[in-house]
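Reader: I would like to learn how to read the overall build of a protein model. Could you walk me through one, step by step?

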Amino acid sequence: MTIIAPTIGEYLAGLETAAGQLSDTWKPDDPRYRADVYRQIMMNLSYSYFAQFHADAEHPDWAPLWNPVYTDQPNPDDIYLYTPIRGDLTYRVSGDRGTCALLTFNVQKGWVGLSDGPSNPEFARDFDDRDIDVGPNGEIDMIFSAEKPTSHTGTWHQIAPEADTMILRYRMVDWINERDPQLSIECLNSVPYKPRLTPEQIIERIQEMTKLPVRYNTAFYRNQNEVKAQVGINRFVQVQYPGGGLSKQVYWPAVFELNDDEALILETEMPENRHYWNIQINDPYFNAIEIVYRFSSLNAANSVISSDGKLRAVVSFEDPGVPNWLDPGGFNEGTIYGRWYDCDSNPIPVIHRVPLSELRAHLPADTPAVTPEERADALRARVRAAQRRRRW
C-alpha cells in the first residue's frame, strides 16, 4: 500500500503553481490582483472536488460546473452541469425539460480544466433541445451511445467512442418566469456497485484537484490576453471555440478599461433573426462579475432596444439612469463577452468611451430614464430569480 504523507500540504504544491500565474495577469505587482487571484484559486479548488470525487463514468451524476458560485467563465444565463462518461457505454438522460429558453449538450473528449491540453474537436458533438423529442408535458427520454441500440425508437444521439465528458447547459432568458429542467443521467450497462476509493486513488485525485486552478488560469488568462494583443483596449473581436464551445455560437469579446468618472457605450446592430444573444462583464481574471447582486449581464428579456433598432448598453460605476446598465462591480478593467447563438448575422459592436457627465449627449434623444426606485425593484427581482435556479 502507498505510504500516505503525514501532512496534506505535501499534495497541494499545485496551488503555488497557480499563484505563480499572477505573472500572466495585467497587474502582477498589484496587491488587490494578488488577493483576487488567491480567492479565485480557492474557488476553483472547491469546484475541483466535484470534478474528482463526485461521479465516475460507470456511475454518472450531474455535478456543478459553472454558475453564480463557480464564476470562472460562465454565461450568467446558463447553469452548467458536468458528468464523466465513457464512449463505450450507453447513457439515458430523462426527466422534465422545464421551460428554460435553451437546453444544450456537449459530448466530447476532454474539457477545459479537467485534463492537460485542449480538448480534441475531432470527438466533439454539441446540440440543443430542438434536436430532442419532447413530450406533451415536457418529458425527455433520450439515449447517448456510440451505436444506436437496436430496440430504441426515441431520441438517440451518437457520441464518439473516445468521449469522456458530457456538459449540460440550462440557458434562461427570462429568469423570473422560466423554469430549469429536472434531468437524470444513468448508465444502462451492467456495472458494479460504486466502489470505495483506495488510498492511492484518493491521493491521485487530490493532486488532480490542485491542477484545475492552474489549467483554468492557463486557458482563460490566455483567452483574454490574446484579445488584448490582437485588438487592444475597448474593441471587440469575434471568435469561436471549437472542441468545447457551441458550434452555433459566435462570441465577441473585448478587453475594457474605464475610469471612475467615465462610461463605455456599447453599440451594435441587431440580427433580424436572433435565437439567443447576451452580453456580460468579466473581471480581469475571467470571472463573471457578481451575477446575482449586480446588473452584470443583459439579454433579450432585460434589455431595451433603441428606436433606431440598435442595442446600446452602458458600462459605468454609477447607475447612469438609462436602460441597459452593465455594472463592472468595482473593476476598472476586465473583459466584456457577448454571444450570438444561431442568429442570421453576427454584427461586431463598437465601444465609445465618454465622460459619464456627458452620457446623455451620446445617446438617442428618446432614450428613456430609469429611476433609482425602478432600478432597485429590478435588482430585487433579479436576486429572487437567480436564487431559485439550481446551482448545486
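Author: Gladly! Let us begin with burial, where a residue counts as buried under 20% relative accessible area. This is a predicted model, and 55% of the 392 residues of the protein are buried.

Reader: What surface does the protein expose, and which atoms supply 50% of it?

Author: The exposed surface comes to about 17700 Å², and carbon and sulfur atoms supply 50% of that area.

Reader: How should I read the radius of gyration?

Author: Set the value beside the one expected for a compact globule. For 392 residues that expectation is near 21 Å, and because the protein has 22 Å, the two agree. Along the principal axes, the C-alpha atoms fill a box of roughly 70 × 55 × 35 Å.

Reader: What share of the contacts with a separation of 6 or more joins residues 24 or more positions apart?

Author: Such pairs make up 75% of those contacts in the protein.

Reader: And how many helices and strands are there?

Author: The protein has 4 helices and 17 strands. One open sheet has 4 strands in the order β15-β14-β11-β17, and its pairing is mixed. Its edge strands, β15 (325-326) and β17 (350-355), each pair on one side only.

Reader: In which sense do β11 and β14 pair?

Author: They are antiparallel: β11 (residues 262-268) and β14 (residues 311-316) pair over 6 bridges. Ala263, for example, has Ser316 in β14 as its bridge partner.

Reader: Lastly, how many side chains are positive and how many negative?

Author: There are 38 positive and 55 negative side chains, and the centres of the two sets lie 2 Å apart.

Key:
Residues numbered from 1 in each chain as written. Predicted model: local features only at pLDDT ≥ 70, side-chain atom pairs only at ≥ 80, totals over all residues. Heavy atoms only, no water. Helix = DSSP H or I, 4+ residues; strand = E, 2+ residues; numbered from the N terminus. Rg over C-alpha atoms; globule rule 2.2 N^0.38 Å. Buried < 20%, exposed > 50% of the residue type's maximum accessible area, 1.4 Å probe, protein only. Contact = heavy atoms within 4.5 Å. Areas by Shrake-Rupley, 256 points an atom, 1.4 Å probe, with all protein chains shown as cover. Lys, Arg positive; Asp, Glu negative; His and termini not counted. Charge placed at Lys NZ, Arg CZ, Asp CG, Glu CD. Pairing = 2+ DSSP bridges.
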